[in-house]
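Me: I am new to this structure and would like to learn how to read its features one at a time. Could you take me through them slowly?

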Amino acid sequence: MISFFSDFISLFFPNLCCACEESLHKNEEVICMLCLNSLPKTDFHLNKENPVAEIFWGKVQIHAATAYYYFNKGSKVQYLIHQLKYKGRREIGIFIGEQMGNELKQSEFFKNIDLIIPVPLHPKKERKRGYNQSEMFGLGLAKSLKIPLSSQFLVRKEFTDTQTKKSRSDRWKNVENVFAIKNQESLAGKHILLVDDVITTGSTLEACIRALSEIENVTISVSAIATGVGL
Ligand SMILES: [Zn+2]
């Protein structure tokens, strides 16, 4: 399914590097080797006590947390994420997910994961964009780690007009409860890898983790494409 998808994509996109727009060599795909080797990796997956994990300390219970790249303004990482989110380049998410997955295999903290769950996009946004960029990243991770991905369990509630007319402070309270779990009994005892695009304050992830924590005996880890935390 995924390889069919990549073949399908390459029919429609010229073979240019998504980071520098130079031609790709025959053995390269999505991002050229020069760019790939220059992107700043955090290596947070090798250390359980890292700046991304620290965001969640004292707030929610997690097993391990990491982000693949550092996010700097004006950098190639920012450009790639912009292309992924706003220019329909979903193959960037899949490709980076595959690259990261190959490295997570070497980490003792990301072993025994049962299921990958992407942070849900607002349904309206996803309909407009046509896909969820975090799900694309998760698909790449799923492919290289050989772990299933599902978007069916963690959902973002769609608010009605009456709710959007509430006062600002009421809406703020709503943010904490925008995520819900479906069929949580079937996730009991599982180790879930929650995936997102960029980690900044971690508040969306925190709300997702709170929702997932309702699951009996669950273990939750976090992985993102990039973060500005720890720079
Ligand atoms: Zn390049």
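Me: Is strand 6 mostly covered or mostly open, and how many of its 9 residues are buried?
Reply: This is a predicted model, and what follows should be read with that in mind. The general idea is to count neighbours, since a residue is called buried if 20 or more other C-beta atoms lie within 10 Å of its own. In this structure strand 6 is mostly covered, with 8 of its 9 residues buried, and strand 5 is mostly covered as well, with 7 of its 9 residues buried.

Me: How many of the residues in the chain as a whole are buried, as a percentage?
Reply: Buried residues account for 39% of the 231 residues in the chain. The secondary structure of that chain amounts to 10 helices and 6 strands.

Me: In what order do the strands of the sheet stand, and is the pairing parallel or antiparallel?
Reply: An order is read by walking across the sheet from one edge to the other. Here the sheet is an open one of 4 strands, the order is 1-6-5-2, and the pairing is parallel. Strand 1 (65-70) and strand 2 (115-118) stand at the edges, and because each has a single partner strand, one side of each is left without a neighbour in the sheet. From one strand to the next, the twist averages 20°.

Me: Which residues face each other where strand 5 and strand 6 pair, and over how many bridges do these strands pair?
Reply: Strand 5 (residues 191-199) and strand 6 (residues 219-227) pair in the parallel sense over 8 bridges. To follow the pairing, one can look at single bridges: H191 has T219 as its partner in strand 6, L193 has S221, and V198 has A226.

Me: Over how many bridges do the edge strands pair with their partners?
Reply: Strand 1 pairs with strand 6 in the parallel sense over 5 bridges, and there A65 stands opposite V222 of strand 6. On the other side, strand 2 and strand 5 pair in the parallel sense over 4 bridges, with V195 of strand 5 as the bridge partner of P118.
Reply: One general point helps when looking along any of them: in a regular strand the side chains alternate between the two faces of the sheet.

Me: Where is Y68 placed, and what does this residue touch?
Reply: Y68 belongs to strand 1, and Y68 counts as buried because 26 other C-beta atoms lie within 10 Å. Leaving aside residues up to four places away in sequence, Y68 touches K41, T42, I96, M100, I225 and A226. One of these, I225, is 157 residues from Y68 in sequence, yet the two are 5.1 Å apart in space, C-alpha to C-alpha.

Me: What share of the contacts in the chain joins residues at least 24 apart?
Reply: Among contacts between residues at least 6 apart in sequence, the share that joins residues at least 24 apart is 76%.

Me: Which helix lies across strand 5 and strand 6?
Reply: That is helix 10 (residues 203-212), which runs at about 165° to strand 5.

Me: At what angle do helix 5 and helix 7 pack?
Reply: For two helices, one reads the angle and the distance between the axes together. Helix 5 (residues 90-104) and helix 7 (residues 133-145) pack at an angle of about 40°, with their axes 6 Å apart, and they are therefore oblique to each other. Their crossing is right-handed. Among the residues that make the contact are I94, F95 and M100 of helix 5, and M136, F137 and L141 of helix 7. The residues of this contact divide into 10 nonpolar, 8 polar and 3 charged.

Me: Which residues make the contact between helix 4 and helix 5, and at what angle do these helices pack?
Reply: Helix 4 (residues 76-86) packs against helix 5 at an angle of about 125°, with the axes 6 Å apart, which makes helix 4 oblique to helix 5. The contact is made by L80, Q83 and L84 of helix 4 with R90, I92 and G93 of helix 5, and these residues divide into 3 nonpolar, 2 polar and 1 charged.

Conventions: Residues are numbered from 1 along each chain as its sequence is written. This is a predicted model: local features need pLDDT of at least 70, side-chain atom pairs count only at pLDDT 80 or more; totals for chains, interfaces and linings use all residues. Two strands pair if DSSP finds at least two bridges between them. Axes are lines fitted to C-alpha atoms, for helices over the stretch in contact, and angles run from 0 to 180 degrees between N-to-C directions. Two residues are in contact if their C-beta atoms, placed from the backbone, lie within 7 Å. Angles under 35 degrees count as roughly parallel, over 145 as roughly antiparallel, 65 to 115 as roughly perpendicular and the rest as oblique. A crossing is left-handed if the near helix is turned anticlockwise from the far one by less than a right angle, and right-handed if clockwise. Ala, Val, Leu, Ile, Met, Phe, Trp, Tyr, Cys and Pro count as nonpolar, Asp, Glu, Lys and Arg as charged, and the others, Gly among them, as polar. A residue is buried if 20 or more other C-beta atoms lie within 10 Å of its own, exposed if 12 or fewer, and partly exposed in between; C-beta atoms are placed from the backbone.
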